[in-house]
Structures are given as structure tokens and as C-alpha cells.
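Work through the exercises below with the sequence and the model open. Try each task before reading its solution.

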Amino acid sequence: MRVDALTLRGYRNYAEAALRFDGAVNVISGRNAQGKTNLLEAVYLLSGGRSFRTRFDKELIGFDRDFASVEAEVVSGGREQRIELLLRRGAPKRITVNRVKTAAAELGGIVNAVLFCPDDLNLLRDGPAARRRLMDLAISQLRPGYARLLSDYTKLYENKTRILRDYRDDPRMLDTLDDFSDGLCRASARLIRYRASFARRLAAAAGPVHREFSGAGEDLTVRYRTVSTVTDPEASEQAIYEEICEHQRLHRAAELAAGACLTGAHKDDLDIDINGRSARAYASQGQTRTAALSLKLAEREIFLAETGEYPVLLLDDVLSELDAMRQDFVLNRIGGGQTLITCCEDEQIAQKTGGKVILIENGTIKES
Ligand code: ATP
Ligand code: MG
């Protein structure tokens with residue numbers, strides 16, 4: 001799939017801008033704070049109606065505007081499609097596909113995007129939240145109900161945490177604790193099945209991708225880790241639910257004492273090894289960065305297997321962080337699919353690709 005054309009109105013620092021993309025490599029170049037990441041964000045929005053930078057649509061609307069729109073012509077499943085998003089202050093966003101009103105969760109069936117940005121360079125070294133986010137962003141695009149499940153989980157988690165934190169001041173709060181715990185166990189079971197299945201496929205794709213990308217034949221292994229009582233994270237939802245309930249039961253007193261949720265999918269992680277040893281503990285800075293990008297490239301393969309098409313690859317500001325060999329790999333050897341790469345004005349990088357160069361200056365497209 002690919003995005004052919006994009007029109008932005010009142011979106012972040014773009015008053016009005018229209019541009020066309022190449023089907024392969026596009027280099028988006030410009031000085032700092034001109035709108036490069038904003039442009040990638042607008043493309044990412046097409047994949048599920050959510051930004052990768054904020055949960056709040058109002059932040060996407062130009063400072064002095066009441067609404068913003070993102071319109072795109074895309075080709076997906078061999079069909080030309082027109083996607084329009086209208087973001088309004090104080091009202092839910094409106095999404096249409098070929099002029100028919102569509103739910104955000106349905107966009108993942110049309111446009112998929114994989115983003116790699118400077119924060120992701122630390123994917124292997126950061127805490128578990130970064131790796132859960134990797135899984136969650138991908139699965140949200142692949143499974144229409146997942147984003148909703150995740151937000152339900154977050155609400156249950158916040159409610160339960162509030163009870164555990166404040167019940168000493170108001171013991172009546174304990175009346176609803178078991179209900180929230182049960183809801184959390186149910187939602188955990190569902191999240192765990194999705195994530196375990198995704199992690200298995202990520203592991204299978206990451207090995208070969210990393211051997212090539214690392215240039216050193218390194219072995220990258222990925223394993224999903226969840227609540228310790230869960231024996232098979234891909235078992236039936238009911239079986240997983242019962243095992244988490246057991247964990248929950250064992251930890252009830254500890255949760256009350258700690259004033260925090262100790263059981264559930266919010267503790268999930270991916271264990272990542274390079275050449276058989278924990279990457280977090282032993283790998284060099286360069287090795288972990290390379291492996292982080294390998295995971296994103298592996299994610300592309302999962303989308304390809306699932307949808308028959310590569311997702312759009314969005315690389316924000318990461319080229320300058322890679323050595324010459326990996327730059328060459330990214331610019332010239334990531335085959336198939338469309339890539340949008342931002343970089344600060346760098347003629348050399350632009351010239352290294354046969355792709356299209358798009359110059360951004362203060363929210364306007366200078367050259368394309
Ligand atoms: P860098 O190279 O530093 O990453 P960039 O070109 O990626 O820069 P962007 O993150 O796209 O820069 O942001 C460009 C500008 O958009 C920033 O100066 C920011 O203040 C502005 N901006 C962000 N949100 C809005 C908004 N809602 N309305 C208007 N302008 C905004
Ligand atoms: Mg940027």
C-alpha cells in the first residue's frame with residue numbers, strides 16, 4: 001500500500017499544504033522546527049486516527065484554528081481510496097473513507113504504518129513500557145478491537161489503582177475492588193493472547209532481518225514475558241483468565257499492602273537477546289540501536305504476511321544516528337513498500353537515494 005497524495009489544512013503548523021509522494025523512497029528535508037515530524041504524524045494518523053505523539057486531537061489543530069483536516073489519496077489492496085479526517089475543537093473527529101463515515105478502528109484495514117523515531121533507538125534499553133508500546137501500536141492496526149480493549153484495560157487499571165491507593169481513607173472503596181480485579185484479569189487474558197501471538201511472529205521475522213541488517217550475522221531472539229502463573233499465553237482466553245485469577249488471589253494481600261496493582265498485562269515485556277545474552281544487560285549502544293531498527297523492520301514483515309502489502313515506513317530523524325553502512329541499508333536496501341524519511345537539510349543524504357526530495361520550510365512545501 002502507499003500514500004500518493006496528502007493535503008493538510010490547519011494541521012499543526014501547516015495552514016494549507018498539498019503534496020504528492022513517490023511510491024518508494026521520499027526524503028523530507030528541512031531545518032529544525034519546520035514541520036517534518038508533523039508531516040509524518042499526519043501520515044501516521046491515516047493508520048488508525050491516532051497520533052504517535054499525543055492522545056489529544058486538539059493538539060493537532062493549528063494554534064489559531066477551530067478545526068484541522070488531513071486528506072489523503074492512498075492505494076491499498078489494489079484500490080484507490082480517499083481518506084479524510086476532520087479534527088474539531090470540542091467535538092469528536094470525523095473520518096470518511098471514499099466519503100463514507102468510518103470508525104477509526106477500521107482505518108488499520110486500509111493504511112498501515114510503522115514508525116521509527118529517535119526515542120525508539122532506546123527500545124531495548126528503556127523500561128518495559130517501551131516494548132509494550134511497540135506491541136500495542138502494531139496490534140492496534142492489525143486488530144480492529146485492540147485499541148478499544150487497551151483503553152478499557154487502562155481505565156480498569158486506573159480505577160483499581162485508585163482503590164488500592166485510597167482505601168485506607170475510605171474503606172467503602174473496597175466494596176468494588178474484587179469487581180475491578182476480575183475485570184482486569186479478563187481484559188489481561190485477552191491482551192495476553194493478542195500480544196503473545198504478535199510476539200511469536202515478531203520473533204520469527206526479527207531473526208533473519210537482523211542477521212542481514214546487523215551485517216555481522218548477529219542472532220536476535222525475542223520472547224514474550226507475562227504474568228508468571230500463565231503457562232501458555234496462547235491458550236484459550238478462559239484458561240489464561242483462570243491462571244491470572246490465581247496470580248491475583250496470591251497477590252491480594254500484597255496489593256493491599258503495596259497500594260498498587262501487582263497482577264496483569266500492564267507488567268508484560270519482551271525479553272530480547274543478542275547472541276544468546278540479554279541485550280539490555282550486555283549489548284553495546286550500537287548493537288541495541290541496530291536491533292531496535294531490526295524489530296521495526298520485522299514488524300513490516302508481519303504486516304506484509306497479514307495484509308499482503310508492506311506498510312508505509314516512517315523514519316523520523318534517525319538516519320544521522322546510523323553509521324554509513326546502515327544508512328545505505330535503510331536508503332537503498334529496504335525493498336518493497338513506501339518509505340518517508342525525515343532529516344535535517346543534508347544534501348548528501350538526499351543524493352544517496354534515488355527517491356523524491358521534499359523540502360519543508362515553516363509549514364510550507366518548498367520543492368517537491
Ligand atoms: P526537528 O528537526 O527539530 O525535529 P521538525 O521539522 O520535525 O523539527 P515539527 O515537530 O514538525 O518540527 O514541528 C514544527 C513546528 O510546529 C514546531 O515549531 C511547533 O511549535 C509547531 N507546532 C506544533 N503543534 C502545533 C499546533 N498545534 N499549531 C501550530 N504549530 C504547531
Ligand atoms: Mg522532528
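A residue is near a molecule if one of its heavy atoms lies within 4 Å of it. This is a predicted model, in which local features need pLDDT of at least 70, side-chain atom pairs count only at pLDDT 80 or more, and totals for chains, interfaces and linings use all residues. Residues are numbered from 1 along each chain as its sequence is written, chains are lettered from A and ligands numbered from 1 in the order in which they are written, and side-chain values use heavy atoms, with hydrogens and water left out.

**Exercise 1.** Describe the residues around ligand 1 by class.

Solution.
- Step 1: There are 17 residues around ligand 1, and A33, K36, T37, N38 and I61 come nearest.
- Step 2: Sort the shell into nonpolar (Ala, Val, Leu, Ile, Met, Phe, Trp, Tyr, Cys and Pro), charged (Asp, Glu, Lys and Arg) and polar (the others, Gly among them).
- Step 3: The shell holds seven polar, six charged and four nonpolar residues.

**Exercise 2.** Find polar contacts of ligand 1, that is, pairs of N or O atoms within 3.5 Å.

Solution.
- Step 1: In the side chain of K36, an N or O atom is 2.7 Å from an oxygen atom of ligand 1.
- Step 2: A polar backbone atom of Q34 is 3.1 Å from an oxygen atom of the ligand.
- Step 3: A nitrogen atom of ligand 1 lies 2.9 Å from a backbone N or O atom of E59.

**Exercise 3.** How many disulfides does a search of the whole structure find?

Solution.
- Step 1: A disulfide is a covalent bond between the sulfur atoms of two cysteines. The test used here is a pair of cysteine sulfur atoms within 2.5 Å.
- Step 2: The search finds zero disulfides.
- Step 3: For C117, the nearest cysteine sulfur is that of C344, 15 Å away.
- Step 4: For C261, the nearest cysteine sulfur is that of C185, at 9.7 Å.

**Exercise 4.** Locate D317 and N362, and decide for each whether the residue is buried (under 20% relative accessible area), exposed (over 50%) or partly exposed (in between), using a 1.4 Å probe and protein chains only.

Solution.
- Step 1: Most residues other than glycine have a negative phi. D317 is not a glycine, yet has a positive phi of about 65°; N362, also not a glycine, has one of about 50°.
- Step 2: D317 sits in the loop between β12 (312-316) and α10 (324-333), while N362 is in the loop between β14 (356-361) and β15 (364-367). Helices (H or I, at least four residues) and strands (E, at least two) are DSSP runs, numbered from the N terminus.
- Step 3: D317 is partly exposed, at 30% relative accessible area, and N362 is exposed, at 57%.

Terms used
A polar contact is a pair of N or O atoms within 3.5 Å; within protein, one must be able to donate a hydrogen and the other to accept it, and residues adjacent in sequence count only if both atoms are side-chain atoms.
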